[in-house]
Amino acid sequence: MRRATQLVLLIGWLGYAVLPWYLPEGMSLVQFGWLSGYPLGKAGSALALALSGQAPWLLPIGAALLVATAFCRGADSGKVARVLVAAGGVGLAAFFLQGFGIVLKGSAAGWATALFGADVAQGGMGGGAFLTVLSLLLLTCHGLAYRGYCRGDLFTTSAIGIVVLLIGLFIFWPVMVILKSALVDQNGHVALSAFSDRFFSATIWGLGCVSSGTSCGVAWNTLVLAVLTGVITTLLGLACALLLQRTAMPGKRLMRALTVLPIITPPFVIGLALILLFGRSGFFTGIMADWFGIPRSRWIYGLPGVLLAQVLAFAPIAFLVLIGVVQGISPSLEEASQTLGAGRWQTFSTVTWPLLRPGIANAFLLGFVESMADFGNPLVLGGNFEVLSTKIFFAVVGAAYNQGQAAVLAMVLLAFTLGAFWLQQGWLGGKSYTTVTGKGDAGLPTPLPRRVTWLAGLAVAPWVALTLVIYLVILVGGFVKTMGRDYTPTLEHYRTGFAIDFSRGLFFEGAAWNSFFTTLKVAAISAPLTALIGLLTAYLLTRQKFSGRGTLEFATMLSFAIPGTVLGVAYILAFNVPPIEITGTGLILIIAFVFRNMPVGVRSGIAGLSQIDKSLDEASTTLRARSFTTLWRVVLPLLRPALVAALVYSFVRSMTAVSAVIFLVSAEYNLATAYIVGRVEAGEFGLAIAYSSVLIVVMAAGIGLIQLGVGERKLGRRQVGRHKVVALSGSVSNPISQGAAS
């Protein structure tokens with residue numbers, strides 16, 4: 001254990017005394033490289049900068065490392081523990097005080113200006129600062145372990161410390177910055193009157209659509225759209241789930257496939273397909289005008305079009321939530337109702353429907369939040385119908401740049417989503433919805449009442465038909481010159497985006513290659529990180545006991561409750577200036593994806609760990625394995641289904657997300673979704689559809705590779721030739737059975 005602490009100290013001194021503390025001006029952390037040999041000055045080490053007088057505020061950090069080094073090898077373990085906790089805590093406090101107090105010239109905190117002078121300033125933190133703060137954090141965690149916290153396990157205390165630091169920096173800090181930004185005026189001074197004027201503006205809360213025939217405020221538009229989307233997607237998802245589980249209808253495999261396609265489709269592509277079908281020059285619009293004399297119109301632009309696009313995009317998500325709930329209803333309860341003389345309708349309304357409430361609540365919540373955060377479809381189909389996500393976008397990137405207004409709009413959006421979470425919990429209450437017990441039942445679900453079957457079929461049929469037509473448009477649209485006007489077959493759109501010149505070797509000359517490779521790299525990096533942090537956090541929450549565990553679990557879900565648009569604005573405001581200056585780099589895209597998608601990894605891990613008996617952990621501990629060894633050799637192989645779920649979700653979301661990253665992309669680090677949005681705005685619909693088709697194929701292949709690479713969890717008995725092998729997990733098997741098999 002002491003050797004581990006000495007290694008941590010070595011890392012700290014490497015960051016403080018050897019590596020450059022700051023990033024060179026105009027260079028990102030990724031471009032810089034931590035081992036580059038830059039001369040002293042602003043690129044020098046913290047020790048050199050502090051001793052030369054250029055950055056005297058870095059001296060306390062070095063003093064903390066020096067104290068920890070002096071007492072690390074002491075014989076009194078209790079004293080060593082106290083020193084490590086004190087030195088690490090003081091060092092961390094000094095690091096964050098100077099980091100967030102001394103920033104750009106003229107923007108330093110009052111205490112920093114008074115202590116070091118009016119011209120005090122520093123740049124973004126580099127590799128040296130990163131290693132130093134990591135060392136100080138681990139020293140504090142090691143000291144706590146020496147004092148007996150978490151049963152004295154260094155890995156557990158260190159993992160908790162790292163997770164807490166990451167969540168604090170990349171979730172809580174951006175949210176705090178956006179809340180602060182809403183309370184200041186254009187000069188950076190706190191002004192409650194400015195906040196009041198922005199918050200109560202008629203553009204947000206106006207009711208002109210009710211009183212004077214004008215447009216309503218953007219908050220009401222967003223709320224009405226989100227409620228309608230949540231209700232309709234929930235009803236469609238429930239109807240589809242009931243038909244698949246409780247009837248013998250044909251075409252079940254086709255419906256299953258249609259529930260997967262929208263999930264791996266960029267969110268605004270459905271809106272684009274609707275324009276090609278129902279726009280002024282759309283396919284069906286032309287048919288209605290030529291055959292029936294119905295004049296061409298722009299009805300698709302506005303609330304009807306955005307609502308239709310969101311229902312088609314998000315109904316499959318509601319179905320995936322509700323299919324599991326419908327499957328989980330024990331038939332014995334319905335059988336008991338019928339035994340007491342109740343008919344099918346009475347059984348459905350008094351037994352089945354109440355048991356569906358958790359699934360209905362969660363499906364509505366997901367549809368509501370997804371609608372609130374959706375950016376692509378309102379941008380493509382909104383017209384004069386403004387919503388909060390697009391209003392925030394134009395407040396940040398438009399000609400009338402207004403950071404404070406964007407922050408206020410983001411607060412309204414966040415309040416709506418958190419309010420939906422609160423209402424959901426209130427509706428479900430503390431009632432029990434348990435249906436699966438240890439008692440046996442017939443396992444045969446009660447058939448649906450005839451009226452419910454007909455209503456569900458009438459609701460689902462148009463959805464399935466329109467979804468099929470939309471994906472036919474997506475398939476065909478990339479291979480014709482102009483969808484809706486000129487159906488001449490062509491490969492021009494694919495050549496424009498993905499042309500390869502073999503005359504000069506392998507040269508990717510297509511216009512879309514840069515954004516495609518960037519997206520692929522970002523997704524390939526962020527997906528494993530998301531799964532790693534998510535599953536590690538789940539392991540800590542379920543297998544370890546420590547104070548603040550409930551708060552940590554709430555913090556992990558906060559980023560899911562925050563709409564992507566709000567998170568994107570928060571990251572711009574928080575990470576555009578020192579100490580963490582990463583806006584415009586590929587690193588900020590990776591961080592945004594990791595902490596946006598992390599809650600899915602956490603929930604998947606918690607669900608998976610709840611099925612694994614703790615006696616396996618205890619057996620490993622009895623055999624003197626450390627917690628890291630237990631996690632790596634015993635728990636992780638049994639968590640393969642959760643690992644696949646986290647990897648697939650984070651990979652797909654990284655390939656298709658637009659709301660959070662639309663603010664974070666740059667010319668050097670452009671993503672596929674941002675590129676497609678640009679092509680749509682330029683009217684290049686064929687190229688946008690061709691690119692989207694390529695992404696769908698790539699994501700389907702990526703999901704297959706993830707499942708193949710991770711493999712399956714193996715439990716129970718397996719037949720090998722003529723012999724049976726009793727397998728405990730994917731990597732641990734019974735040696736006696738192995739010997740018999742051999």
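Helices here are DSSP runs of H or I with at least four residues, strands are E runs of at least two, and both are numbered from the N terminus. Keep that in mind for the loop stops below.

**Before you click**

You are looking at a predicted model, where local features need pLDDT of at least 70, side-chain atom pairs count only at pLDDT 80 or more, and totals for chains, interfaces and linings use all residues. Residues are numbered from 1 along each chain as its sequence is written, and side-chain values use heavy atoms, with hydrogens and water left out.

**Stop 1: the whole chain**

Show everything as cartoon: the protein chain holds 34 helices and six strands. Of its 742 residues, 51% count as buried, meaning under 20% relative accessible area, with exposed being over 50% and partly exposed in between (1.4 Å probe, protein chains only). Switch on the surface, and the accessible area comes to about 34200 Å², 65% of it belonging to carbon and sulfur atoms. That area is a Shrake-Rupley value with a 1.4 Å probe; for residues, only the protein chains shown count as cover. As for contacts (heavy atoms within 4.5 Å), take those between residues at least 6 apart in sequence: 72% of them join residues at least 24 apart.

**Stop 2: the loop between α7 and α8**

Select Cys150, which sits in the loop between α7 (127–146) and α8 (154–181). Its phi is positive, about 55 degrees, although it is not a glycine. Now step to Arg151, found in that α7–α8 loop, and you get a positive phi of about 60 degrees, again on a residue that is not a glycine. For background, most residues other than glycine have a negative phi, and most peptide bonds are trans.

Which of these counts as buried, and which as exposed? Cys150 counts as buried at 15% relative accessibility, whereas Arg151 is exposed, with a relative accessible area of 70%.

Asp153 lies in the loop between α7 and α8 as well. Asp153 is buried because its relative accessible area is 18%. A polar atom of the Asp153 side chain lies 3.1 Å from the backbone nitrogen of Phe155. Leaving out residues up to four places away in sequence, Asp153 touches Ala145 and Ser627.

**Stop 3: across to Gln544**

Go back to Arg151 and follow its side chain: a polar contact of 3.5 Å joins it to the side chain of Gln544. (A polar contact is a pair of N or O atoms within 3.5 Å; within protein, one must be able to donate a hydrogen and the other to accept it, and residues adjacent in sequence count only if both atoms are side-chain atoms.) Gln544 belongs to the loop between α25 (513–543) and α26 (549–561), and is buried, with a relative accessible area of 4%. Show its neighbours: beyond residues up to four places away in sequence, Gln544 touches Arg151, Thr156, Tyr539 and Arg549.

**Stop 4: α25 against α31**

Two packed helices are described by the angle between their axes and the distance between the axes. Select α25 with helix α31 (residues 640–656): the axes come within 8 Å and cross at roughly 145 degrees. Axes are lines fitted to C-alpha atoms, for helices over the stretch in contact, and angles run from 0 to 180 degrees between N-to-C directions. For the sticks view, residues of α25 including Thr519, Ala523, Ala527 and Leu535 meet residues of α31, among them Ala642, Ala646, Phe651 and Met655.

**Stop 5: the nonpolar cores**

A nonpolar core is a set of buried Ala, Val, Leu, Ile, Met, Phe, Trp, Tyr and Cys residues joined through side-chain atoms within 4.5 Å. The largest one has 180 residues, and Ile470, Tyr571 and Tyr691 have the most contacts inside it. Helix α16 (residues 303–328) gives the most to this core, with 14 residues. Apart from it lies another core of 38 residues, including Val8 and Phe95.

Centre on Tyr571: its contacts outside the four nearest places in sequence include Phe170, Ile588 and Leu664.

**Stop 6: Val326 in α16**

Val326 lies in helix α16 and counts as buried at 3% relative accessibility. Which residue sits 85 residues away along the chain, with its C-alpha 6.9 Å from that of Val326? Ala241 does.

**Last stop: a cis bond**

Zoom in on Pro578 and Pro579, joined by a cis peptide bond with omega of about 10 degrees. Pro579 lies in the loop between α27 (564–575) and α28 (586–609).
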